[in-house]
Amino acid sequence: MQVSKNRLRENIVAYIFLSPILLFFTVFFAFAVGFSVWVSFKQWNMLISPFSAPNVGLWNYSSLFSDPLFISALRNTIVYAFTTTIAVLILSLLIAVALNNIKGAAVWRFIYFAPTITPAVAVGMIWGYLYNPSRGIVNEILGWFGIPSHNWLTDPRYALMAIMITAVWAGMGASILIFTAGLKAIPQSYYDAAKIDGASRVKMFWSITLPLLKPTILFLLVTGMIGAWQVFDLVYMMGTNAPASSVEVLSLYMYNTAFVDFQMGKASAAAMILFVIVLITTLLILKAFRKGGLESYE
Amino acid sequence: MRRVFWILLLVSIFLSFSAVAKTVLVIQTHWSDYQVNGIFNKSGKLIYPGLKQYAEEYMKLHPNIEIKIREVPFSNYLQQLIISHMAGKEADIYDLYSLWGVQLVSSHILAAPPKEIINAVKRNFVPASVKGATINGKVWGIPSEIDDYALIYNKKLLSEAGYTEPPKTWDELVKMARKLTKYNSKGAISQYGFAFLSGWNSAVVHPYLSLLYSLGGSMFNKSYTKCLLNNQKGVKALNEELVLFKEKATNSAGNVFNFPQNTVAMMIMAPWYVRSLKQAYGNQYTKYVGIAPIPPIKKPATLSYTWFFAVDSASKHKKAAWDFLKWFALQVQPKTNTTRAGDLEVNVISVIPPNKIDLRNHQKQLADLKVFIDQLKNAIPEPNVMQGAQIKTILMNQIVAAWNGQKSAQRALDDAVAKINSILARYYH
Amino acid sequence: MSKKRAKITEFVKYTSVAGVGTIMVIPFFWLVSASLMTLNEFISVPPKWIPSNPQWHNYVDVFQHIPFLHYYINSFIVAVSVTALVLLTSAMGGYAFAKLDFVGKKPLFRFTLSTMMFPAFLFLIPNFYLIKLFGWVSNYLSLIMPFAVSAYGIFLLRQFIMSIPPDLIDAAKIDGASHFAIFTKIIIPLSKPALATLAILTFIGQWNSFLWPLIITSFSPQMTTVPVGLSKLSLAFSTYTNQNLILAGMVLQVIPVVALFLYMQRYYIKGIVLTGFGGI
């Protein structure tokens, strides 16, 4: 009796804590998504009322898969999402660990956070200089190793790669910060005990730091992946001179479909397809972490 | 005492009503900063009025009218227009790019102008601009700006290579471009003989269409049911561009910042770029920058596009809106023999005014744009076709693919035409 | 011998941290430097790194061209409000999802995650409808409320609160603490590094937000925020106009973010203190 009363109380408390969130999602999320699903079956140019827009059934969905640019966008986004998420994760973990017990940590952290606060326009401009085919420093450095010059941002073979490198550079700041917060949550006493046992730094990293960071890693993997699937700014800024098929990503494709082509229905359909892909990816990641013996973390 | 109270009450009711009755006109524009706020000298005196000062002048003349200016950056202009129109918060007056107009007209978002305005536009404006503001055979507004394309060249780089004159034919341009292209020690282009711009659809498509027009070609058939670009003329125009790409004498990595760095000898550009170059070169401008007609393949030709003032069909004050536009863009001021819009376009915005009287009476201020103005006689307006921006982007993607060697000219244009025709089929029968 | 090795390790560590750090900070450095350049220096190739004659007046000019202070205040109102709301709702949601047991927990959590998976452009039109419906168009609520809850924040806090040892909470429960007391006395203090991180990231996101504020403030210009205000300096089809002012404006835009970041460093102190609750 007592137990079930406690249960009920815990349920009530939980829903009180969640009530503002649920209210918010009902208002600002459910309506928009419901509206978009409805529109995805219509040919709606946003200039007439959606009610008077003709119903086209699944035409928006089927037309996407017969559009080679959509297929390219899908392919490029997959490459982009997996490569940048994993690269950011590994590099920012290494940097966060290196910065954790360093002299002047606050200053170093600021330096590594600088890309995150530098306005996107400046980032695009300076990376444009770095990638400049005739005077850029990238070709200069590669030249020392006898690698020939390339037009990094226009050559269809390299443009996406060049953008991904910048994306990793720009994306590490937030991850380093989150890893830092995660590292700070690990009690120092664990390390002290391990030191007494004579464990090496590498050993401590594998047996203390990494396992205890798993919730953080899961978080960064999931949110990094979700974010990367929706990459927009960098490609919008740096990918404009390359052939579209080599750099087009889904979010750019959807944005242009909506606001250049006036096909909100088709853009919404693409968003639904993106949603399904991201959802499946996320569930697979969550499942993988559960299999790794981390029931409690998921 | 009581009577005083009643009188006061009546007066205040009347006043509040008259305040409510004030007609509010919202003008949406992509202009900003001094273009709206006017140009002042160092001691704070107004030299050239901006849009705001004209609005204030009009409000003084018509105390029952209040004008609000809604500044929206060019890149978000259409998006903002769509969202505000959907939510019933539309502006009354827009300054619109002609290509956007097609979609807006077909969705009944623009109001048809009064007959007298249509007649005045047809009578007083440059033919290319009238065609630009014409959609489905009807004029939909008052042209506010006309642009065409010309060859912009670096005098210094040309003379260093022994050229005293810009090229007269496209063949000559290709020959000169080869000689003017320089490479660094690792084989990358360090100086463009001729640079093709990329990055936005007009930069790629407009020069190509100018070449197509020089060959006497056309993008569509008369009824817009077919795209014609994969015919012999369309393919030839693209192949003329590809000559330099195939020899690695140019690439698509050039951008608008390269010219003032003196690393571009020649490029095809619109008048707005002249403004940027004047800023970058300062008093060195005339020493470096030369402008000439686009060297023709066959006959002289250039593409033009238009901006025009239009009124929203949902506006509650259409008549007041047209009245303002009439005063602003059509009425000739006796003192200067120019229009107010013309003064603003010439002195503040630095674009070519489409009204003939402004072109005639602003010659001194327009001296730098003389070549562009002269070429208006050879200008063929960008076709006002449904889904114009989408079609242009499709064409850009295929042209850039051809530039980068991913496709042959024929194949790229075949692919573009297939896609474009499927779009046209939805709107034109 | 091992001391020498440790020294070498230290040396390698510091040089690599500094080397990579240089790459990270260069664009930021260039931005500050370029904001003091003349137009000719700015467009020179290869890029100049130090202005020969710093143009400090660029900064003064920004304030003369646009009501920058006014934009600053607007941005502060919006970014601080959103950050406060996000911290509160994320901590509440994170606590519920991490430490409470209730019916529908798993599906609700997955639903929360799924709200991140739709692209932002989808929400533009429907949310503008809602804002108009609520009568918020010329009200700061239109800039604040659509961002008051962050699934990202809830997820972040959930992950951190999960790693708080259950013994602490159990001990408090035995002492008769309510769920609310546990939340304020244990969860919040122990989540400070995570909350600080979320505060920084949320604040930056709001401070730099462009598209939504642009659309809202085109109707109510008195609420114009800094990034939207700066965009009024750049002219369509004019590559160089006001370039120096825009760069100076960007530096001014970045300053509060830098200040916040440095201030929040106090929450990244070594390890968390567990002793107050009897240790583990």
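**Strands, core and contacts**

Modeller: Let's start with two strands of chain B in this predicted model. Strand β9 (residues 150-154) and strand β12 (residues 264-269) of chain B run antiparallel, and four bridges join them.

Biologist: What makes β9 and β12 of chain B a pair of strands?

Modeller: Two strands pair if DSSP finds at least two bridges between them. β9(B) and β12(B) have four bridges, so they count as paired. To see one bridge, look at Ala150(B), whose partner in β12(B) is Met269(B).

Biologist: Which sheet of chain B has β9 and β12 in its order?

Modeller: An open sheet of five strands, with the order β10-β11-β12-β9-β13 and mixed pairing.

Biologist: Why are β10 (182-183) and β13 (289-292) of chain B called edge strands?

Modeller: Each of the two pairs on one side only.

Biologist: Now the core. How do you know that Met267(B) is buried?

Modeller: Met267(B) is a member of the largest nonpolar core, and a nonpolar core is built from buried residues, so Met267(B) must be buried. That core has 301 residues, and those touching the most other members are Ile163(A), Ala270(A), Met267(B) and Ile399(B). The largest share of the core, 16 residues, comes from α7(A).

Biologist: What is Met267(B) in contact with, leaving aside its neighbours within four places in sequence?

Modeller: With Ile152(B), Phe194(B), Ala195(B), Leu197(B) and Phe259(B). Contact here means C-beta atoms within 7 Å, so each of these five residues meets that limit with Met267(B).

Biologist: How many residues does each chain bring to the contact between chain A and chain C?

Modeller: Chain A gives 69 residues and chain C gives 67 residues. On the side of chain A that touches chain C, the largest share, 19 residues, comes from α1(A). By class, this side of chain A has 54 nonpolar, 12 polar and three charged residues.

Biologist: And chain C itself: which domains does the assignment give?

Modeller: Domain 1 (4-11 + 15-57) and domain 2 (64-277). Their C-alpha centres lie 30 Å apart.

Biologist: With centres 30 Å apart, what makes these two domains of chain C count as touching?

Modeller: Contact is judged residue by residue, on C-beta atoms within 7 Å, so the distance between centres does not decide it. Seven residues from domain 1 and seven residues from domain 2 of chain C take part. On the domain 1 side, α1 (2-34) and α2 (39-42) of chain C give two or more residues each, and α1(C) has the largest share, three residues. By class, that side has five nonpolar, two polar and no charged residues.

Terms used:
Residues numbered from 1 in each chain as written. Chains lettered and ligands numbered in written order. Predicted model: local features only at pLDDT ≥ 70, side-chain atom pairs only at ≥ 80, totals over all residues. Nonpolar A, V, L, I, M, F, W, Y, C, P; charged D, E, K, R; others polar. Core = buried A, V, L, I, M, F, W, Y, C linked by C-beta atoms within 7 Å. Buried ≥ 20, exposed ≤ 12 C-beta atoms within 10 Å, placed from the backbone. Domains from an automatic or database assignment.
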